[in-house]
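Visitor: I would like a close look at one single part of this protein, followed outward to whatever surrounds it. Please take the sheet, and begin at one of its borders.

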Amino acid sequence: MRSILLAIALATMPALAAAQSVDDGSSFAETEHEIRAVIADYFWGRQTGNPERLGRAFNLDNGQFAYVRRTNEGDEVIAMSLADFAARADGPLSAPNTGRILSLDIVGDQMAFVKFELAGESRTFIDYFVLYRVNQRWMIQSKTSAMFQPTP
C-alpha cells in the first residue's frame, strides 16, 4: 500500500510549465520526468537497501551528504560522500516509509532543486537535493537532511 502511495505522489504532482522548453530543447515535462525517475531510484534504493539503485541516483564520484547529529554533548554536522552513504545500504528499512516530492525547481538544462519528504512511523526526514545534469544524465550532487520525530 505504501508503495502505491509513493507512486501516486510522484505521478500526480502538477507538471511544471510543460509547454516551455529548457536550454537543450527538451520540454520541462520531459526534464521533470527524468528528475522524478532519479528521485524514485533514491526512494526505492533507500527503501529496499539497494546500494546499486542508490548509486544510479547519486553522483558517486564527488557527491556529498550532510545532516546535523544532536547529542547530549551538543550538535555537530556530519558529512560524508554519497558513495559512502550508498554503500551503507545493507538491506531493507525495518519499517516501510512513504515518500513524496514537496517541491521541484528546474534551473535551465543543468540544475534542479528537489525538496523530498521520507516519512516513517517513528520519524520523518526532509531532504533537499541539488541535481546536476551532466552528459545527458540527471544525478543527485548533494543531499542534506533534517529528521523530525512526531510529538505525542
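**The sheet, seen from its border**

Guide: In this predicted model, strand E3 and strand E4, the latter covering residues 111–119, are joined by 9 bridges and run antiparallel to each other. Within this pair, Gly 99 stands opposite Leu 118 in E4. Helix H2, formed by residues 28–48, packs on the sheet, where it touches E3, E4, strand E5 (124–134) and strand E6 (137–148), and the direction of this helix makes about 145° with that of E3.

The sheet to which these strands belong is an open one of 6 strands, arranged in the order E2-E1-E6-E5-E4-E3 and with mixed pairing. Its edges are formed by strand E2 (74–81) and strand E3 (98–107), each of which pairs on one side only, while the twist from one strand to the next averages 15°.

Stepping back to the whole chain, the protein contains 4 helices and 6 strands, and from the N terminus on its elements follow the sequence α-α-α-β-β-α-β-β-β-β. Among the contacts in the protein with a separation of 6 or more, 48% are accounted for by residues 24 or more positions apart. As for burial, 39% of the 152 residues count as buried, and the accessible surface of the protein comes to about 8,700 Å², with 52% of that area belonging to carbon and sulfur atoms.

How values were computed. Residues numbered from 1 in each chain as written. Predicted model: local features only at pLDDT ≥ 70, side-chain atom pairs only at ≥ 80, totals over all residues. Heavy atoms only, no water. Pairing = 2+ DSSP bridges. Helix = DSSP H or I, 4+ residues; strand = E, 2+ residues; numbered from the N terminus. Axes fitted to C-alpha atoms, helices over the stretch in contact; angles between N-to-C directions. Contact = heavy atoms within 4.5 Å. Buried < 20%, exposed > 50% of the residue type's maximum accessible area, 1.4 Å probe, protein only. Areas by Shrake-Rupley, 256 points an atom, 1.4 Å probe, with all protein chains shown as cover.
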